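User: I'd like to learn how to read a structure like this one. Could you walk me through a few features?
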Amino acid sequence: MPISAADPLLDIAGLSTGYGKIGVLHGIDLTVDAGEVVALLGPNGAGKTTLLRAVSGLLPWSGSVRFAGRDLAGASPRDTVKAGLSHVIEGHRVFTQLAVLDNLLLAAYDLPRGERASRVEEAFGLFPEIAAKRHERAAALSGGQQQILAVAQGLVRRPRLLMLDEPSAGLSPVLVDRVLVVVRRLREAGTAVLLVEQLIEKALALADRVYALARGSIVLEARTGEADLPHRLEHAYMATASRHT
Amino acid sequence: MVQSIVSTGVAIGCIYALIGITYNVMFSASRVFSFTAGTLGMLGGVLGSLFIARMGMPVVVGFLLALAGGAVLGIVTEIVAVRPVLKSLDQHLYVLSTLALALMIQQFTAIEWSTEPQPFPRLINVARGGFDQQFWLPMLACAAVIVGLELLYRHTLVGRAFLAIAEDNFAARALGLPERSLRMASYALAGVIGALAGFAGGEMLLAFFANAPMLTFYGFVPVALGGMGNNRGAVVAGLLLGLFQQTANFLVGGIFASVAVFTVFIIVLLARPEGLAGAALQRRV
Amino acid sequence: MDTPAAQLRPSHSIVLGSASTIGAALPFLVLLLVGVTFPLFGGGYWGVIATRACVYWVLVSGLNLVVGFAGQIAIGWVALLTLGAYTTSVLVAGNVTPALPPYLALAIAAVVGAIFGLIIGLPALRLRTFYFAITTLGFATIVTQVALAWQSVTGGGVGVAGPIFPKPFSSPWGFYYFCFGLAAICTWMTANVAASRFGRALTAIRDAEVAAEASGISKSALLGTVFLFSGAVAAVAGGLFAALQSYITPDAFTLDLSILFFIAILIGGRGSILGPLLGTILLTVLPEFAAPLVAWSTFLYAVLLLVIVLAIPGGIAEILDFRNRRPLESDRAIIPRPDLLERLLGTPPDAGALTLEQVALSFGGVKAIDGLDLDIRPGQVHGLIGPNGSGKTTTLNVISGYYAQQRGAVRLNGAALPVFARHRRAHMRIARTFQTPRIVGSASVLQNVMIGGTIDGEGTFVESLLSLPRHRRDEAMLRDTAMLALAAVGLERLAPVRADRLQHSELRFTEIARALMLRPAFLLLDEPAAGLSAEEIGRLGALLLAIARTGTGVLLVEHHADLIFDICHHVTVLNLGRMLAAGTPAEIRSHREVVNAYLGG
């Protein structure tokens, strides 16, 4: 079912989830439009990673998630990838026992065999520093290069929406900028990005809109151009809201 | 005499190593050990004898059917005994569920097939003696599996997907790999390897339901000593075990040989619970 | 002795009531009655079956403590049956030693069994579950092989005659009553252990090992004791078995028999006495109902085991647990009563401060803690905050002995704490809670909290076995103190409820009640606010402050900035394993670098 220009690409409404008995997210509403970059900020333990995992199907959830007009209820990560939603998980987790090339080939697992090689070359084209190491085991890469590889894996499927979980973690400033340049280019090419980040200034410089998540709920939503944003964010994080009754 | 010890020792060591690899393949796919590994070995011999000797099928057909039987049991293990308990919070239920399944199959075999060891057919029609097929068939099987796995892991995407699942199951899922089908396929592969071990070793071990508990134990020793998930370690440890057992057999007789093997095993295990080589795959921190 | 908690006794007897104790004893009394009157209605053949069931239960009752309570997968326990059978028979027959009277032989068999029970069981302390299961299988095979080979002593394949017990136990019914009597005694003894601090400690080792260690429970000591006991009764069962069979050969001791014992416990349900008892009776009797069933008996047991594991992991015990089917109130609020804390905790001894001096610890190449100083004072709440990966939980784990620091020292009142001795921390009155609540799901909330006071019991295992006065005093003391602790945290109404029925927030407070049982000089909390509602966080804060006011030093590792700023006297901020800032909450709040660390960039 094609979506009209007005409908968001990713439409999350009332999403709740947790781990076992522990509720982590309570009724999240969030949207990402086609071609926009949305930053998801928040202190540790707020639930940002949990949200991405729920959307991509790694965790069960309740509520409503629609992507490109499709209802994602019960979808597995494989389903969401096929639908055009790629999730690069946190911690630069690549397959260290396999070659860099194999890591990318595995990202292309569900593609027709003939296409795999060209898609992998496409990904290498975006990140020449790992193309040079294509036959080395991923274990030989530095942490930063592994993160780049992980992002490259996410791009092999030419997703309509790419979700990145703290891609700057553990990267030197130079590599951080490399990744963010790619994100900017993706946006120009029409790929939407949902970016969870700790580096607020860099995220704000890149994103069109920002959400702040704290204690399992959205506490702020704004366009990045708005005034006084850093201050409002700080307040939202550290707020001692009146809750004792 | 030495030659006999060596050929028997290496042959039986290859069978133990193959059962060890069966354990390892299942473990790599699910991080769980299954009691059905030894049972698969037993079935390889029983099915081979059933199809070829009792039902008169040609050797190749009987062989393929026996392997198919192993694959089926492997898949059944995954669906019935592993998948349901992976989700559970009690990590150790898999020991009980795979034990139950293994027992069911062993008992069924004992009752429906025979409680006594039955002869296993001669696979290649040549006279006995010298370096006989009952010795080199297991060695050939072991070599074939090692080479085959190497080809699988290095040269096919499926094989590399298996390695990915073994190293980091969560990342593999997130990447969109079909983790459930891959796990089932791993278990089917393990089933084939186990059945192959029993089939190739059929003449030596005969078609006997009690091979199951024997192979369950002796097939696990290579895993324990070689390191969980470490196939190369399993082969080395399996061969050493076979040779040690045959030597002890020769020197002190069958029963004390078992005692000797077990004592050495438990001492080594208590000294190095991770095995002599250590676990091949480190869990991600 | 009028304990400070005695005032709470009236309310807890309403909660737990004498009715429930009679209810619990009723099935046993019924079985006792049936067993005693059995010869009146059962024929000779069924008498043999009944005797066999009694003999099996003698073994299974002991194995139950190992498998059902301690959770060790000991599949090969038939080895001890074999040992006991042969020891008794050989000593009575007089081939090797001068012939001994059967009772003496049985007693010696018990000692032999105890020693071998320990030998077979001890690898459990070093090995993973599956590995241990395989080694017990190996032991079982070896013992049978040795029986086959050692012809001069055991008669090899030919076998040896079993012992005959003197009058009045020489007739079939006489022998039945002998076995029945022993079975009844074993039931009584193991039921006593189940309701003692040892039984609870075993379930803690099974389901919440880290919590057991933090409560001071020594896994090796306790498992060793249980292996000794279990080996002894299994060997006694072996002697009885030999007498029942009148003649034993190695092939009477099959792996099938071992499986039967093991499955009886699992079908019955772990952590129960009645369940495995019924399971043993069921499995002994089942094959007798139809001839074909005998051949298929092991197959049936295996099917039953699979069904239980997949469908009803709690076994028969879970099916019979009517009390825990009653619905709970839906709108339950946790309302702590800090005023009870003084009565519970008393005044702590002057423990001085808990300090870290330049502690450093790396995992591989990563510096988890990089030269940290920390000073936790009694009577104060000290907050430890920082981003993910800053080393907060690692620091707590070092203090509580789960990790060893590579440099620096952790000192209590100046004396360095031994590294890696996590179960000694409880003796030093250092208590902790965990990031994810570690509780025994199948036990009641009250039992879970009583686990916290295990080290305060004075009675020995034998005193518990025989329900001697000191055991009963311990139980009363632990029960009263636990009820007081539950009342203090606001959960007393949930005391008899199975812990796995509780909400997450209630489990958090249960852990705190358990920690309070130690009357801790220092209480370490690992992210206790995670998953709590705003109101519950407020109550938690008030409770922690009140605990500190009684003189306990509280270390609070947290993410929730609000809780930290509300109740802490002192806050240390960590980043990348080092101290970023330290001071009062007001100072920290306005500290530029702290804000940046939290917000990044």
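Analyst: Sure! Keep in mind that this is a predicted model. Let's start with a spot in chain C: just after α10(C), C:S246 adopts a positive phi of about 60°.

User: And the helix before that residue, how do I read its length? What should helix α10 of chain C span, and what are its end C-alpha atoms apart?

Analyst: Start with the general idea: an α-helix has 3.6 residues a turn, so residues three or four places apart point the same way. Now the case here: α10(C) covers residues 219–245, and at 1.5 Å a residue its 27 residues should span 39 Å. Its end C-alpha atoms are 38 Å apart, which agrees.

User: How many of the residues of α10(C) are buried?

Analyst: 19 of the 27, so the helix is largely enclosed by the rest of the structure.

User: What about reading an interface?

Analyst: The size of an interface is often given as the accessible area lost when the parts come together. Here we can count residues: 33 of chain C are in contact with 29 of chain B. On the chain C side, α5, α11 and α14 each give two or more residues, and α5(C) brings the largest share, 14 residues. That side divides into 26 nonpolar, 6 polar and 1 charged.

User: Where in chain B is confidence lowest and highest among its helices?

Analyst: Lowest is helix α13 (residues 254–271) of chain B, at a mean pLDDT of 85, and highest is α8 (residues 179–200) of chain B, at 96. The mean pLDDT of chain B is 89. Watch residues 279–285 of chain B, though: pLDDT stays under 50 there.

Conventions: Residues numbered from 1 in each chain as written. Chains lettered and ligands numbered in written order. Predicted model: local features only at pLDDT ≥ 70, side-chain atom pairs only at ≥ 80, totals over all residues. pLDDT = per-residue confidence, 0-100. Helix = DSSP H or I, 4+ residues; strand = E, 2+ residues; numbered from the N terminus. Contact = placed C-beta atoms within 7 Å. Expected span 1.5 Å × (residues − 1). Buried ≥ 20, exposed ≤ 12 C-beta atoms within 10 Å, placed from the backbone. Nonpolar A, V, L, I, M, F, W, Y, C, P; charged D, E, K, R; others polar.
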